[in-house]
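Dear colleague,

Please find below the structure that I am handing over to you. A summary of the findings on its aromatic rings follows it.

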Amino acid sequence: MPDILIVEDDNKTAREIAAALADSGMGSGHAGTGVEAIAKARSSHYDAIILDRMLPGGLNGLEVLAALRGTGVTTPVLFLSALSAVSDRVRGLRAGGDDYLTKPFDFLELTARVDALVRRHAQDVPVPEVELTIGDLHINLLMRTVRRAGIEIELLPREYQLLEHLVRNAGSIMTRTMIFEQVWGYHLDERTNVIDVHIAKLRRKLEAGGGPAMIETVRGAGYRFVAA
Amino acid sequence: MRLSELRGATSFRLALWFAALFGSASLLFVATIYISTTHYLSGNPDERMRAEAASYDSRSHRVTESLIDQHSVADLTGRRPFGLFDPHGNWLAGNLRQLPSPRPALEEFFETTVNTTREHTIYRSILHRLPNGNLVVVSRNIEELGKFRERLLDVTLLAFVLMIVLGVSGGTLVGIASLRRLDRVTQAIEGITRGDLAGRLPTRGTNDDIDRLARVVNSMLDQIERLMGEVKGVCDSIAHDLRTPLTRLLAGLERANRRNLTEAERRAEIETAIVEVGAMLSTFAALLRISEIEDGARRASFQLVDLGRVLGDAVDYFEPAAASKSITLRFTQSDTGPVEMQGDLDMLFEAVGNLIDNAIKFTPPGGSIGVELRDGPEIVVTDTGCGIAADDRETVKLRFYRGGRAQETIGNGLGLPLVGAIARLHGLELAIGNAATGCRVAIAPPAPENHAPMRRATS
């Protein structure tokens with residue numbers, strides 16, 4: 001079970017986050033100040049850290065992160081902040097943060113992102129792959145071709161990118177915002193249902209051959225790719 | 001208006017200073033004229049008199065005597081009395097019968113006053129010794145010069161007094177006029193300070209300095225009034241827009257709280273509540289975003305953005321959504337070269353995405369949407385939807401406003417205000433008009449005439 005360190009000065013928010021993580025099958029520890037966070041992150045093993053940008057006392061989130069990276073702690077970090085200014089986001093990521101979420105946030109969004117961070121970190125050393133296989137679906141990464149049950153599926157470039165991204169994160173929930181950020185490359189609060197239309201199109205193509213559904217809709221959260 | 005106020009008035013003080021400066025300059029001028037005139041009038045004849053006296057040096061005694069007699073006969077009015085005396089002072093010839101006593105020094109000018117019954121006359125004379133020892137006196141009446149001097153002095157003084165009077169009274173008048181005007185301006189400002197935001201500073205239409213200042217302040221007041229109105233409108237709208245979902249939320253939670261509900265029904269109510277709260281949160285997030293963008297601090301994230309790429313991505317992203325409503329979505333770039341600008345990649349995508357999303361919402365199936373990029377940079381989104389009524393074109397840019405048909409569709413009324421804020425952050429303007437068949441929304445540099453008054457003011 002992945003263990004997450006929550007660095008958050010507001011105890012109530014920390015408890016809510018811990019409960020949300022527990023719902024997604026993750027354990028957690030809590031630190032209320034920057035100093036405590038550094039001590040805990042260095043003494044015990046965590047799979048990811050949720051770090052509030054604003055902390056009471058001497059150290060803010062960015063400084064805590066700098067201190068951790070300076071002492072060789074490579075645990076992935078997700079920043080939480082009430083400030084959504086891009087410059088702030090950029091600074092957070094440049095300081096070595098791995099992801100960024102602004103308050104108020106959706107708990108499903110948070111857990112999905114933490115889950116993605118943990119898995120990305122676990123397979124940090126990328127194996128040069130030529131093919132992704134999941135169930136009866138084969139993706140040739142060099143030729144950028146997709147075959148399901150031996151039949152080639154024609155995909156537009158963006159559809160191919162979307163599918164590859166879903167397959168690489170198979171088994172875990174991808175929120176609409178995460179998909180939009182990672183496939184289209186823009187960082188904004190996308191609130192239209194356009195992602196759903198893209199997914200629907202991809203689904204139709206994947207299921208044209210009569211195979212079972214591979215993209216699950218997770219109500220209120222997003223999508224999950226599963227082996228049929 | 002009190003006298004102390006007048007004394008303090010800039011224009012009055014300026015007029016006084018001017019009067020003083022002009023007064024001393026003209027005093028200097030008149031004094032110079034006075035001195036040089038009197039010097040000229042008295043100095044030149046003196047030389048002539050000295051020459052006249054010396055001219056007898058080369059004559060014989062008889063010639064001298066007859067010349068002086070001739071002169072005396074000609075000088076009937078006694079303007080220039082001459083006299084010839086022997087070395088003892090006895091009269092020999094001329095109409096000056098007596099040497100003044102005590103005898104004046106030789107070759108020096110002296111003045112004598114001769115009193116008659118009618119008048120007293122001042123003479124200026126010179127006593128000259130001829131080579132044979134006789135003395136000659138050459139004189140002239142200088143009464144007129146004295147009169148001229150007195151007259152000149154009188155006129156000068158009168159002119160000076162007149163000028164001081166005119167300067168002070170003129171200054172007072174100008175000061176009073178400008179004080180009255182400033183009083184009116186002050187009253188207007190005090191009225192505005194007390195809360196009458198519709199009040200404006202009085203202008204005369206003369207385009208003078210105070211008028212220009214008043215007009216700038218008035219346009220500032222217009223802007224403030226507009227902003228205040230907008231803030232009030234936003235507050236009202238927030239209250240209104242949140243009351244409805246909160247009421248629904250409360251009703252839903254009360255339903256969920258009833259005992260006789262099945263587990264599935266209860267869960268459905270809770271999920272509805274979650275959706276409701278989510279919508280409210282997103283309204284808040286959009287509001288916060290608009291004010292954050294309006295702060296302008298985000299320019300820190302500006303970089304060189306290829307607008308063609310952003311628009312292409314946005315069209316590519318929304319194309320399936322348009323297609324699912326049988327709407328054609330087309331992107332054209334009229335200029336061959338890339339259109340680049342300093343900007344925020346994400347926000348520009350958001351702005352264009354909002355416009356396309358709106359167009360999809362308001363265009364009936366079978367219609368078409370065009371996204372066009374021109375040099376300028378100008379981004380134009382046209383659709384074949386219902387369009388926006390001319391009256392609504394400005395108000396749809398305001399927060400929470402949903403024009404005509406939009407009230408029936410989903411949305412929080414914050415889309416166009418957000419686009420407007422993003423455009424302003426990039427130094428562009430959101431313009432809403434009508435296309436041939438529907439709506440035409442453009443993000444473009446502001447029209448030059450909007451800036452004309454500013455340019456006039458700075459030139």
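**A charge over a ring, and the aromatic pairs**

In this predicted model, the charged residue B:R97 is placed over the face of B:W91, at 4.3 Å from the ring centre.

The remaining findings concern rings that meet other rings. Over all chains, a search of the whole structure gives nine aromatic pairs. One of them joins A:F105 and A:F107 in an edge-to-face arrangement, with 5.4 Å centre to centre and 80° between the planes. A:F105 counts as buried because its relative accessibility is 15%, under the 20% cut-off. Its partner A:F107 has a relative accessible area of 31% and is therefore partly exposed.

A further pair is found in chain B, where B:Y317 and B:F349 are tilted towards each other, with 6.1 Å centre to centre and 55° between the planes. This pair links distant parts of the chain: B:Y317 belongs to helix 7 (residues 307–323) and B:F349 to helix 8 (residues 345–362), and the two are 32 residues apart. B:Y317 has 0% relative accessibility and so counts as buried. B:F349, at 1% relative accessibility, is likewise classed as buried.

Which residues form one aromatic cluster with B:Y317 and B:F349? They are A:F180, A:W184 and A:Y186 from chain A, together with B:F318 from chain B.

When you open the model, I would suggest beginning with B:R97 and B:W91, and then turning to the cluster that includes B:Y317 and B:F349.

With kind regards

Note on methods
Residues are numbered from 1 along each chain as its sequence is written. Chains are lettered from A and ligands numbered from 1 in the order in which they are written. This is a predicted model: local features need pLDDT of at least 70, side-chain atom pairs count only at pLDDT 80 or more; totals for chains, interfaces and linings use all residues. Side-chain values use heavy atoms; hydrogens and water are left out. Rings of Phe, Tyr and Trp (its six-membered ring) pair if their centres lie within 6.5 Å; planes under 30 degrees apart count as stacked, over 60 as edge-to-face and the rest as tilted. Buried means under 20% relative accessible area, exposed over 50%, partly exposed in between (1.4 Å probe, protein chains only). Helices (H or I, at least four residues) and strands (E, at least two) are DSSP runs, numbered from the N terminus. A charge sits over a ring if NZ of Lys or CZ of Arg is within 6 Å of the ring centre and within 35 degrees of the ring normal.
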